[in-house]
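Please look over the sequence and the 3D structure shown here before reading on. The report that comes after them is written for a reader who is new to this structure.

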Amino acid sequence: MFSRWIKRLSPQHKEREQELARASRRVSFAIARYKDTSKDIQEEIRNNGFAEFLIYDRGVNHGGH
């Protein structure tokens, strides 16, 4: 218990916690942006009425590579 208290007071530990918090916020922001973009794309597909003609390829070979 005493060692955890010392670690929390350590400047290195505080820096690591702050970096982890920043990284977590960046990931959350990226996920939210992806969801918004995905929703926009899905809405555009529905509005244009061509969704039934799309074929989704999950393979590795895109663009002839």
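What follows is a short report on the helices, the surface and the charged side chains.

The model is a predicted one, and the chain in it contains two helices and zero strands. Of the 65 residues in the chain, 2% are buried, and the chain exposes about 6600 Å², of which carbon and sulfur atoms supply 57%.

Helix H2 takes in residues 11-48. With 38 residues at 1.5 Å a residue, H2 should span 56 Å, and its end C-alpha atoms are 55 Å apart, so the expected span and the computed one agree. Just after H2 comes Gly49, a residue that takes a positive phi of about 70°.

Side chains of opposite charge can pair when their charged atoms come close. Two salt bridges are present in this structure, and they are set out in the table below with the N to O distance of each.

| Salt bridge | N to O distance |
|---|---|
| Arg22 and Glu19 | 2.9 Å |
| Arg26 and Glu19 | 3.2 Å |

Through these pairings Glu19, Arg22 and Arg26 are linked in a network of salt bridges. Arg22 and Glu19 both belong to helix H2, where they are three residues apart, about one turn of the helix. How exposed are the two partners of this pair? Arg22 has a relative accessible area of 35% and is therefore partly exposed, while Glu19, with a relative accessible area of 34%, is likewise partly exposed. Both values fall between the 20% below which a residue counts as buried and the 50% above which a residue counts as exposed.

Charge also gathers elsewhere on the chain. Which residues form a patch of negative charge on the surface? The patch brings together Asp36, Asp40, Glu43 and Glu44. One of these, Glu43, is found in helix H2, and because its relative accessibility is 43%, Glu43 counts as partly exposed.

Taken together, H2 holds Arg22 and Glu19 of the salt-bridge network as well as Glu43 of the negative patch.

Technical notes. Residues are numbered from 1 along each chain as its sequence is written. This is a predicted model: local features need pLDDT of at least 70, side-chain atom pairs count only at pLDDT 80 or more; totals for chains, interfaces and linings use all residues. Side-chain values use heavy atoms; hydrogens and water are left out. Helices (H or I, at least four residues) and strands (E, at least two) are DSSP runs, numbered from the N terminus. Buried means under 20% relative accessible area, exposed over 50%, partly exposed in between (1.4 Å probe, protein chains only). Accessible areas come from the Shrake-Rupley method with a 1.4 Å probe; for residues, only the protein chains shown count as cover. Patches are made of residues with over 30% relative accessible area and no salt bridge: like charges are joined within 9 Å, nonpolar side chains (Val, Leu, Ile, Met, Phe, Trp, Tyr) within 5 Å. A salt bridge is a side-chain nitrogen of Lys or Arg within 4 Å of a carboxyl oxygen of Asp or Glu. Lys and Arg count as positive and Asp and Glu as negative; His and the chain ends are not counted. The place of a charge is taken as NZ of Lys, CZ of Arg, CG of Asp or CD of Glu. The expected span of a helix is 1.5 Å times one less than its number of residues.
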